[in-house]
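Here are my notes on this model, set out as numbered points. Please read them with the structure open.

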Amino acid sequence: MHAQENLIRKQFLVSRSQISKLEQLANAKGTSAAEIVRLAIDAFDPDSMDAMNSDDLMELVSSQLKEAINSTREANEQVSKTLKLMDASH
């Protein structure tokens, strides 16, 4: 655990799936989501990103693209439902 006097409050935007993963990790470890974030930052090595091979990079891009497509589909479905309700009311 980090000393409270050394902590600074910051605000970041993360996806719903990242929040879900963060909460699962925190529950599994019996700690706070903030502590999981601090541990992840401490563990991150930017030099290792240079070593990422093309297969790993493609898997990462594919995963993020699938998440974006699913979010877009969900939004489109919601818009379609709303438009149908609006048409039905007229």
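**Notes on the predicted model**

1. Start with leucine 25, which lies in helix 1. The model is predicted, so please read each point below as a statement about a prediction. Leucine 25 has a relative accessible area of 38%. That makes leucine 25 partly exposed, because buried means under 20% and exposed means over 50%.

2. Leucine 25 can be paired with isoleucine 36. In sequence, 11 residues separate the two. In space, their C-alpha atoms are 7.3 Å apart. Ile36 belongs to helix 2, residues 33-43, and is buried there.

3. Which residues of helix 2 are buried? They are Glu35, Ile36 and Arg38. Viewed down the helix 2 axis, these buried residues fall within an arc of 160°, so they line one face of the helix. What do they pack against? The buried residues of helix 2 pack against helix 1.

4. Arginine 38 deserves its own point. Its place is in helix 2. Its relative accessibility is 19%. Arginine 38 counts as buried because the cut-off is under 20%. The side chain of arginine 38 makes a polar contact with the side chain of glutamate 35, at 2.9 Å. Both partners are among the buried residues of helix 2.

5. On spacing along a helix, a general point applies. An α-helix has 3.6 residues a turn, so residues three or four places apart point the same way.

6. Next, the loop between helix 2 and helix 3, the latter spanning 46-50. Aspartate 45 lies in this loop. Aspartate 45 is partly exposed, at 38% relative accessible area. Aspartate 45 and alanine 68 are 23 residues apart in sequence. Their C-alpha atoms lie 26 Å apart in space.

7. Methionine 86 is found in helix 4. Its relative accessibility is 44%, and methionine 86 counts as partly exposed. Compare its position with that of alanine 40. Along the chain, 46 residues separate methionine 86 and alanine 40. Between their C-alpha atoms the separation is 46 Å.

8. Now the second largest pocket. It holds about 170 Å³ of space. Which residues line the second largest pocket? The lining consists of Ser15, Arg16, Ser17, Glu67, Asn70, Ser71, Glu74 and Ala75. By class, the lining residues of this pocket divide into one nonpolar, four polar and three charged.

9. Which helices supply at least two residues each to the lining of the second largest pocket? Helix 1 (16-29) and helix 4 (54-88) do. Helix 4 gives the largest share of that lining, with five residues.

10. To recap helix 1: the buried residues of helix 2 pack against helix 1, and helix 1 also supplies at least two residues to the lining of the second largest pocket.

Technical notes
Residues are numbered from 1 along each chain as its sequence is written. This is a predicted model: local features need pLDDT of at least 70, side-chain atom pairs count only at pLDDT 80 or more; totals for chains, interfaces and linings use all residues. Side-chain values use heavy atoms; hydrogens and water are left out. On a 1 Å grid over the protein atoms alone, a cavity is a set of points where a 1.4 Å probe fits but cannot get out, and a pocket is an open set with protein on both sides within 12 Å along at least five of seven lines; lining residues have an atom within 4 Å of a point. Grid points are joined across faces, edges and corners, and a volume is the space filled by probe spheres set on the points. Helices (H or I, at least four residues) and strands (E, at least two) are DSSP runs, numbered from the N terminus. Ala, Val, Leu, Ile, Met, Phe, Trp, Tyr, Cys and Pro count as nonpolar, Asp, Glu, Lys and Arg as charged, and the others, Gly among them, as polar. Buried means under 20% relative accessible area, exposed over 50%, partly exposed in between (1.4 Å probe, protein chains only). The arc is that of the directions from the helix axis to the C-beta atoms. Contact means heavy atoms within 4.5 Å. A polar contact is a pair of N or O atoms within 3.5 Å; within protein, one must be able to donate a hydrogen and the other to accept it, and residues adjacent in sequence count only if both atoms are side-chain atoms.
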